[in-house]
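Got your viewer open? Here's a stop-by-stop walk through the model, with something to select at each stop.

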Amino acid sequence: MEENLKRINKYLSEVGYCSRREADRLIDAGRVTINGVVPEMGTKIAPTDEVHVDGKLVIKTKESFTYLAFNKPVGIVCTTDTRVEKDNIIDFINYPKRIFPIGRLDKPSEGLIFLTDDGDIVNKILRASNNHEKEYIVTVDKPISQTFLERMSSGIPLEELGKTTNPCIVEKLGSYKFKIILTQGLNRQIRRMCEYLNYEVNTLKRVRIMNIKLDVPVGELREFTPEELKELNALLEASTKTYLEKNG
């Protein structure tokens with residue numbers, strides 16, 4: 001019987017309701033019930049248990065999962081909590097089934113973000129986040145110097161986060177424009193790096209995540225192609241193994 005039990009956050013992720021991280025937040029906020037009872041974090045459920053979120057029954061769908069590439073406009077917030085944030089990504093897209101963003105992109109930034117109802121791929125991407133590339137095009141408020149490029153690419157100490165950024169690829173595209181490829185996902189990382197060097201970010205656009213490139217207009221979305229999804233899963237398998245070797 002024990003092998004049929006699943007942690008509540010894993011269950012909500014597997015049925016495509018939300019990511020495990022988001023499930024933990026919902027549980028912590030008391031918005032989840034199992035058979036009418038508010039559970040503790042880490043509670044396990046049986047296949048016969050009824051799970052409700054905000055009073056609505058969670059049902060496992062038989063449909064295939066959805067994987068979307070969305071070009072987020074400036075001003076939209078990457079949250080699923082539509083009750084708190086009116087300019088949220090879920091209301092903006094208004095997709096006919098429940099989906100959630102993978103990771104974040106700051107409100108003042110635009111560009112590529114993934115959305116899905118596949119909790120398993122969310123966990124893989126977030127768990128292996130320091131092993132995959134994200135590419136950005138950035139414009140700043142003053143001319144870019146060679147020193148700026150060298151400092152940005154070699155690592156910047158971010159005291160407020162208690163971390164130094166990893167070495168990364170930085171390429172000058174114009175007097176005020178550069179490309180940067182990160183394998184880290186620190187909070188407001190590029191903006192903080194620029195601020196450290198006394199530059200201010202004017203525009204920031206994410207144009208690639210791993211093998212998937214931004215190729216739709218601002219505010220538009222498209223589904224992953226079968227080839228993209230196959231390659232993405234192959235990259236995730238490799239990076240998850242690397243993560244396990246490092247942390248195992």
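Which residues of helix 6 are buried? Select helix 6 (residues 189–196) and you'll find them: Q189, I190, R191, R192, M193 and C194. Buried here means under 20% relative accessible area, with exposed over 50% and partly exposed in between (1.4 Å probe, protein chains only). Helices (H or I, at least four residues) and strands (E, at least two) are DSSP runs, numbered from the N terminus.

Some housekeeping before we move on. This is a predicted model, in which local features need pLDDT of at least 70 and side-chain atom pairs count only at pLDDT 80 or more, while totals for chains, interfaces and linings use all residues. Residues are numbered from 1 along each chain as its sequence is written, and side-chain values use heavy atoms, with hydrogens and water left out.

**Stop 1: around helix 6**

Six of the eight residues of helix 6 are buried, so the helix is largely enclosed by the rest of the structure. To see what covers those buried residues, show strand 9 (134–140), helix 5, strand 10 (157–158), strand 13 (177–182) and strand 14 (201–209), which are among the covering elements. Now pick I190: leaving aside neighbours within four places in sequence, I190 is in contact (heavy atoms within 4.5 Å) with Y136, V138, F178, I180, L182, V201 and L204. Just past the helix comes N198, with a positive phi near 65 degrees.

**Stop 2: strand 9 and its two partners**

Select strand 9 next. Six of its seven residues are buried, so strand 9 is also largely enclosed by the rest of the structure. Strand 9 runs antiparallel to strand 13, joined by six bridges, and pairs with strand 14 over seven bridges, again in the antiparallel sense. Two strands count as paired if DSSP finds at least two bridges between them. V138 is a handy marker: it stands opposite F178 in strand 13 and opposite L204 in strand 14.

**Stop 3: the nonpolar cores**

V138 turns up again here. The largest nonpolar core has 32 residues, and V138, F148, M152, F178, I180, I190 and C194 touch the most other members. Strand 6 (67–72), helix 3 (89–93), strand 8 (110–116), strand 9, helix 5, strand 13, helix 6 and strand 14 each give two or more residues to this core. A second, separate core holds 30 residues, including Y17, I27, I125 and F224. A nonpolar core is a set of buried Ala, Val, Leu, Ile, Met, Phe, Trp, Tyr and Cys residues joined through side-chain atoms within 4.5 Å.

**Stop 4: strand 6**

Strand 6 is mostly covered, with six of its six residues buried. Turn on the side chains: Y67, A69 and N71 point one way, while L68, F70 and K72 point the other way. In a regular strand the side chains alternate between the two faces of the sheet. For partners, look at strand 8, which pairs antiparallel with strand 6 over six bridges; there F114 is the bridge partner of A69. Strand 16 (residues 221–223) also runs antiparallel to strand 6, joined by three bridges, and its E223 stands opposite L68.

**Stop 5: buried or exposed, L149 and E200?**

L149 sits in helix 5 (residues 146–154) and is buried, with a relative accessible area of 10%. Beyond its neighbours within four places in sequence, L149 is in contact with I144, V170 and K172. Draw a distance to E171, 22 residues apart along the chain: the C-alpha atoms are separated by 7.2 Å.

E200, in the loop between helix 6 and strand 14, is exposed, with a relative accessible area of 51%. Not counting residues up to four places away in sequence, E200 touches T139, V140 and D141. For a long distance line, try A46: it is 154 residues from E200 in sequence and 52 Å away in space, C-alpha to C-alpha.

**Stop 6: a small detour to an open sheet**

Strands 2, 4 and 5 form an open sheet in the order 2-4-5, with antiparallel pairing. Its edge strands are strand 2 (32–34) and strand 5 (56–57), each pairing on one side only. Three bridges join strand 2 to strand 4 (residues 51–53), and V32 stands opposite V53.
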